Amino acid sequence: MPSGLLRKFTYWVPALIYMGAIFYLSSSRAPEFFDCINYRFFFIKFLHLVEYGVLGALYYYALRKTSSYSHAGALWVAVVLAGAFGLSDEWHQSFIAGRIAMPLDVVTDILGAYFGGKIGGYFKIFRSAEVSA
């Protein structure tokens with residue numbers, strides 16, 4: 001693998017590892033302590049916002065480092081990628097005993113990715129594009 005391509009790939013590694021963690025967590029039944037929480041619905045939605053906020057920030061970071069996208073372009077591509085992954089995650093959960101797929105979760109994932117990418121854009125490390133191959 002050419003060194004430029006390998007360097008670009010390394011910027012995507014955190015997002016890929018994080019996606020693996022999401023997939024792993026989605027592969028099991030939800031922990032029972034969630035059943036004991038008052039306002040469970042809102043707590044789960046908050047977790048989706050945070051979870052996909054991190055993913056959106058990681059996508060944004062990788063896009064800014066490996067492409068010539070502007071801030072806005074990288075943000076929207078990150079949101080689309082996270083939304084597609086959120087949709088596939090909900091589909092995956094529909095096959096897991098004790099889990100259900102909820103379209104509202106995908107909407108929450110997209111919002112989280114947007115805010116995560118937007119917040120990530122405020123950090124200098126996320127802004128400098130490094131696109132030389």
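**From His-71 to the helix core**

The side chains of His-71 and Tyr-60 are joined by a polar contact of 2.7 Å, in a model that is predicted. His-71 itself belongs to helix H3, and because its relative accessibility is 30%, the residue counts as partly exposed. Leaving aside residues up to four places away in sequence, His-71 touches Arg-64, Lys-118 and Gly-121 as well as Tyr-60. Of these partners, Gly-121 stands 50 residues from His-71 along the chain, yet the C-alpha atoms of the two are separated by 7.1 Å.

We turn next to the nonpolar interior. The largest nonpolar core comprises 16 residues, and those with the most contacts inside it are Tyr-52, Leu-55, Tyr-59, Ala-82 and Phe-85. Two or more residues of this core come from each of helix H1 (3-26), H2 and helix H3 (71-93). Tyr-59 can serve as a point of entry: with residues up to four places away in sequence not counted, its contacts are Trp-12, Ala-15, Met-19, Ala-78, Leu-81, Ala-82 and Phe-85. In soluble globular proteins, nonpolar side chains tend to be buried together.

A charged pair completes the picture. Lys-45 and Asp-105 form a salt bridge in which the closest N and O atoms are 2.3 Å apart. Since Lys-45 lies in helix H2 (residues 40-66) and Asp-105 in helix H4 (residues 103-120), the pair ties together parts that are 60 residues apart in sequence. Both Lys-45 and Asp-105 are buried, and the count of salt bridges in the model comes to one.

Notes. Residues are numbered from 1 along each chain as its sequence is written. This is a predicted model: local features need pLDDT of at least 70, side-chain atom pairs count only at pLDDT 80 or more; totals for chains, interfaces and linings use all residues. Side-chain values use heavy atoms; hydrogens and water are left out. A salt bridge is a side-chain nitrogen of Lys or Arg within 4 Å of a carboxyl oxygen of Asp or Glu. Helices (H or I, at least four residues) and strands (E, at least two) are DSSP runs, numbered from the N terminus. Buried means under 20% relative accessible area, exposed over 50%, partly exposed in between (1.4 Å probe, protein chains only). A nonpolar core is a set of buried Ala, Val, Leu, Ile, Met, Phe, Trp, Tyr and Cys residues joined through side-chain atoms within 4.5 Å. Contact means heavy atoms within 4.5 Å. A polar contact is a pair of N or O atoms within 3.5 Å; within protein, one must be able to donate a hydrogen and the other to accept it, and residues adjacent in sequence count only if both atoms are side-chain atoms.
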